[in-house]
Amino acid sequence: MWKIPMIIVNFKLYRQSSGINAPLLLDIIQKVREERGVEIVAALNSMDLTALHEKYNVPMILQHVDAVDFGAHTGKLNLVVAKERGAEGLLINHSERRLTIADIDILISQARKMNMVSVVCANNPRVSGALAFLAPDFIAMEPPELIGGDISVSKARPETITETIEAVKSVRDISVLVGAGIKNREDVKRAIELGAQGVLIASGVVKAKDPYGALNDLVEGMI
Ligand code: G3P
């Protein structure tokens with residue numbers, strides 16, 4: 001399992017972080033991870049992860065996997081193939097890829113059996129508390145209205161961080177990550193002070209003019 005506190009960089013499908021550009025961002029993540037000795041995990045699409053996981057010393061997870069067995073499923077991907085192709089874990093139920101509660105349950109259980117890390121996303125404290133009953137490894141709370149914006153969850157909705165941690169910990173001791181609009185060391189520091197074990201971030205790194213500088217600045221908030 002990964003070190004805590006940690007940063008997950010979600011590459012999404014931004015031009016700057018996908019296809020031929022994915023290695024550029026992975027080079028930066030690997031450099032910062034090694035120079036600063038902190039945990040940084042990359043969430044990639046399945047094609048980029050397959051092509052790149054052996055070339056980097058960076059834990060890689062998938063942004064989405066389907067809750068299906070082998071069979072007649074066109075265009076789907078299951079956890080067995082994900083593991084065989086190098087994924088250490090997966091994001092489940094991201095706001096941009098919502099799933100049913102039944103599928104979330106299947107994916108968490110399969111991941112546990114296969115020793116893969118499950119990071120389940122939730123849109124608010126109540127949903128975070130409900131998902132804690134399914135016992136994922138991490139719960140990542142992101143208010144959807146702040147995703148991709150300039151104001152972070154730490155600044156705009158700090159109470160949701162505290163409430164999420166209370167809701168989750170009242171069910172079981174699961175690590176909580178928070179995300180949406182995270183941009184700098186103050187955002188990370190505040191999230192950790194409020195009890196989070198790390199952050200989930202995309203645009204603040206991927207779309208930064210200087211991703212290396214942006215990532216280093218975020219790390220300052222962790223140490
Ligand atoms: O998965 C992380 C993400 O949804 C947050 O996006 O761009 O607000 O950091 P962003």
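**View 1. Helix α7 lies across strands β6 and β7.** This helix spans residues 158-169. Strand β6 covers residues 138-141, and strand β7 covers 175-179. Helix α7 runs at about 155° to β7. The model shown here, as in every view below, is predicted.

**View 2. Eight strands form a closed barrel.** Follow the strands in order: β1-β2-β3-β4-β5-β6-β7-β8. Their pairing is parallel. Neighbouring strands of this sheet are turned by 25° against each other on average, direction ignored.

**View 3. Strand β1 meets strand β8.** Strand β1 holds residues 6-10. Strand β8 holds residues 198-201. The two run parallel, and four bridges join them. Look for Met6: Gly198 in β8 stands opposite this residue.

**View 4. Helix α1 lies across three strands, β1, β2 and β3.** The helix is made of residues 22-36. Strand β2 takes in residues 39-44, and β3 takes in 60-62. Helix α1 runs at about 165° to β2.

**View 5. A ligand sits among residues that include Asn10, Lys12, His94 and Glu142.** Ile147, Gly148, Ala180 and Gly181 are also around the ligand. So are Leu200, Ile201, Ala202 and Ser203. On its own, the ligand has 310 Å² of accessible area, and the protein covers 100% of that area.

**View 6. Ligand oxygen meets polar backbone atoms, one of them in Gly148.** The distance from a ligand oxygen atom to the Gly148 backbone atom is 2.7 Å. For a polar backbone atom of Gly181, the distance to a ligand oxygen is 2.8 Å. Ala202 also offers a polar backbone atom, 2.8 Å from an oxygen atom of the ligand.

**View 7. Pro144 is found in the loop between β6 and α6.** Helix α6 spans residues 153-156. Is Pro144 buried, partly exposed or exposed? Its relative accessible area is 34%, so Pro144 is partly exposed. Buried would need a value under 20%, and exposed a value over 50%. Leaving aside neighbours within four places in sequence, Pro144 is in contact with Ser95, Arg98 and Asn123. Pro144 and Asn124 are 20 residues apart in sequence. In space, their C-alpha atoms are 8.7 Å apart.

**View 8. Gln110 lies in helix α4.** This helix runs over residues 101-113. Gln110 counts as buried because its relative accessibility is 19%, and the cut-off for buried is under 20%. Which residues does Gln110 touch, leaving aside its neighbours within four places in sequence? Gln110 is in contact with Asp69 and Leu79.

Definitions and conventions:
Residues are numbered from 1 along each chain as its sequence is written. This is a predicted model: local features need pLDDT of at least 70, side-chain atom pairs count only at pLDDT 80 or more; totals for chains, interfaces and linings use all residues. Side-chain values use heavy atoms; hydrogens and water are left out. Two strands pair if DSSP finds at least two bridges between them. Axes are lines fitted to C-alpha atoms, for helices over the stretch in contact, and angles run from 0 to 180 degrees between N-to-C directions. Contact means heavy atoms within 4.5 Å. A residue is near a molecule or strand if one of its heavy atoms lies within 4 Å of it. A polar contact is a pair of N or O atoms within 3.5 Å; within protein, one must be able to donate a hydrogen and the other to accept it, and residues adjacent in sequence count only if both atoms are side-chain atoms. Accessible areas come from the Shrake-Rupley method with a 1.4 Å probe; for residues, only the protein chains shown count as cover. Buried means under 20% relative accessible area, exposed over 50%, partly exposed in between (1.4 Å probe, protein chains only).
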